[in-house]
Amino acid sequence: MMELYHGPLDVKEIFGRWLDEEAESNYGAYIPFVGTIRAEDGIEALSFDIYEPVLQKWFDAWQQKAKERGAVVKMAHSIGDVPVHTSSYVSAVFSPKRRVALELIEEFVEDFKANAPIWKYDVKNGKRIYAEDRSTPMDGSGLLA
Amino acid sequence: MVKIEFLGPIGKAPVEMDAATLADVAKKLQEDGTLKEWLPKCAVALNDTMVSDLSTPLKEGDRISILPPVCGG
């Protein structure tokens with residue numbers, strides 16, 4: 001399941017609900033990840049653009065990979081402005097035993113950073129500035145150059 | 001005609017063009033000076049599926065998305 005919200009995430013509500021959703025699924029491990037906006041370089045917030053159709057396909061492919069290993073992945077992400085000290089991204093893996101969940105959460109979060117179609121901006125004095133130096137070209141970039 | 005959309009920070013309005021393959025699209029976009037810095041680091045989706053082959057054939061009404069470097073989270 002993938003959830004998108006405008007503004008910061010209600011982390012406790014999301015993790016609590018996910019826990020309830022899988023309460024009877026007989027998973028032995030539940031590994032959550034929370035991404036929180038740090039105060040640095042004088043930013044007030046980060047801001048995000050998302051291209052949902054490609055993000056949904058990327059996420060569906062990960063759901064399939066997780067399923068093949070007996071696991072489930074979930075994620076939620078923010079659209080628009082997210083103030084410092086609040087959260088813009090949470091994800092989690094549920095699996096029967098811990099080893100698969102520990103491996104999958106790392107692979108999933110790292111591939112998310114590299115290939116999820118999401119663009120980040122610093123917000124300073126109310127202005128959005130593309131975080132170009134922290135951004136990564138997606139797999140297959142440069143095809144049209 | 002196919003439609004080209006420029007996502008995220010590129011900040012360019014969509015364009016339409018006649019193109020038989022992605023190679024035709026590449027050739028036309030390379031003539032646009034405002035895209036010179038972007039094209040080497042952008043990925044490409046055809047009707048919301050990522051593509052990696054310039055010989056990919058195009059048909060009337062196809063949508064091509066240009067995806068600049070990403071940073072989620």
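## A buried loop residue in chain A

A:Ala116 is found in the loop that joins H3 to strand E6 (118-124) of chain A. The model discussed here is a predicted one. Although placed in a loop, A:Ala116 is buried, because 22 other C-beta atoms lie within 10 Å and the threshold for burial is 20 or more.

Leaving aside residues up to four places away in sequence, A:Ala116 touches A:Leu55 and A:Trp58, and also B:Val70 and B:Gly72. Its contacts thus include residues of chain A and of chain B. A:Ala116 and A:Tyr51 are 65 residues apart in sequence, while their C-alpha atoms are 8.8 Å apart in space.

## Overall architecture of chain A

Chain A contains 3 helices and 7 strands. Read from the N terminus, these elements follow the order β-α-β-β-α-β-β-α-β-β. The radius of gyration of chain A is 16 Å, close to the 15 Å given by the globule rule for 145 residues, so the chain is as compact as a globular protein of that length. The C-alpha trace of chain A spans about 50 × 40 × 25 Å along its principal axes.

Of the 145 residues in chain A, 37% are buried. Among the contacts in chain A with a separation of 6 or more, 75% are between residues 24 or more positions apart.

## Helix H3 of chain A

Helix H3 of chain A comprises the 18 residues 98-115. At 1.5 Å a residue the helix should span 26 Å, and its end C-alpha atoms are 25 Å apart, which agrees with that expectation. The buried residues of H3(A) are A:Val100, A:Ala101, A:Leu104, A:Ile105, A:Phe108, A:Phe112 and A:Asn115. They cover an arc of only 140 degrees around the axis, and therefore lie on the same side of H3(A). An α-helix has 3.6 residues a turn, so residues three or four places apart point the same way.

The buried residues of H3(A) pack against four elements of chain A: strand E2 (29-36), helix H2 (52-68), strand E4 (72-83) and strand E5 (87-95). On the face turned away from this buried side, H3(A) carries the exposed residues A:Arg98, A:Arg99 and A:Glu110.

## The nonpolar core

The largest nonpolar core has 57 residues. The residues with the most contacts inside this core are A:Ala71, A:Val73, A:Val93, A:Leu104, A:Ile118, B:Val44 and B:Leu67. H3(A) supplies the largest share of the core, with 6 residues.

A:Leu104 is one of the buried residues of H3(A). Not counting residues up to four places away in sequence, A:Leu104 touches A:Ala66, A:Arg69, A:Ala71, A:Val73, A:Val93 and A:Ser95.

## The contact between the chains

The contact between the two chains takes 30 residues from chain A and 26 residues from chain B. On the side of chain B that touches chain A, the elements giving two or more residues are helix H1 (22-30), strand E3 (43-46), strand E4 (49-51) and strand E5 (63-67) of chain B. The residues on this side of chain B divide into 18 nonpolar, 6 polar and 2 charged.

Helix H1 of chain B has the buried residues B:Leu22, B:Val25 and B:Leu29. Seen down the axis of H1(B), these residues fall within an arc of 55 degrees, so they line one face of the helix. The buried residues of H1(B) pack against strand E1 (2-6), strand E2 (15-17), E3, E4 and E5 of chain B.

## Positive phi angles and an exposed strand residue

Most residues other than glycine have a negative phi. A:His85, which is not a glycine, has a positive phi of about 70 degrees. A:His85 is located in the loop between E4 and E5 of chain A, and it is exposed, with 10 other C-beta atoms within 10 Å. In chain B, B:Asn47 likewise has a positive phi, near 50 degrees. B:Asn47 belongs to the loop between E3 and E4 of chain B and counts as partly exposed, with 14 C-beta neighbours inside 10 Å.

A:Lys127 lies in strand E7 (residues 127-130) of chain A. A:Lys127 is exposed, because its 10 other C-beta atoms within 10 Å satisfy the limit of 12 or fewer. The C-alpha atoms of A:Lys127 and A:Glu110 are separated by 28 Å, the two residues being 17 residues apart along the chain.

Terms used
Residues are numbered from 1 along each chain as its sequence is written. Chains are lettered from A and ligands numbered from 1 in the order in which they are written. This is a predicted model: local features need pLDDT of at least 70, side-chain atom pairs count only at pLDDT 80 or more; totals for chains, interfaces and linings use all residues. Two residues are in contact if their C-beta atoms, placed from the backbone, lie within 7 Å. Ala, Val, Leu, Ile, Met, Phe, Trp, Tyr, Cys and Pro count as nonpolar, Asp, Glu, Lys and Arg as charged, and the others, Gly among them, as polar. The expected span of a helix is 1.5 Å times one less than its number of residues. The arc is that of the directions from the helix axis to the C-beta atoms. A nonpolar core is a set of buried Ala, Val, Leu, Ile, Met, Phe, Trp, Tyr and Cys residues joined through C-beta atoms within 7 Å. The radius of gyration is taken over C-alpha atoms; the globule rule is 2.2 Å times the number of residues to the power 0.38.
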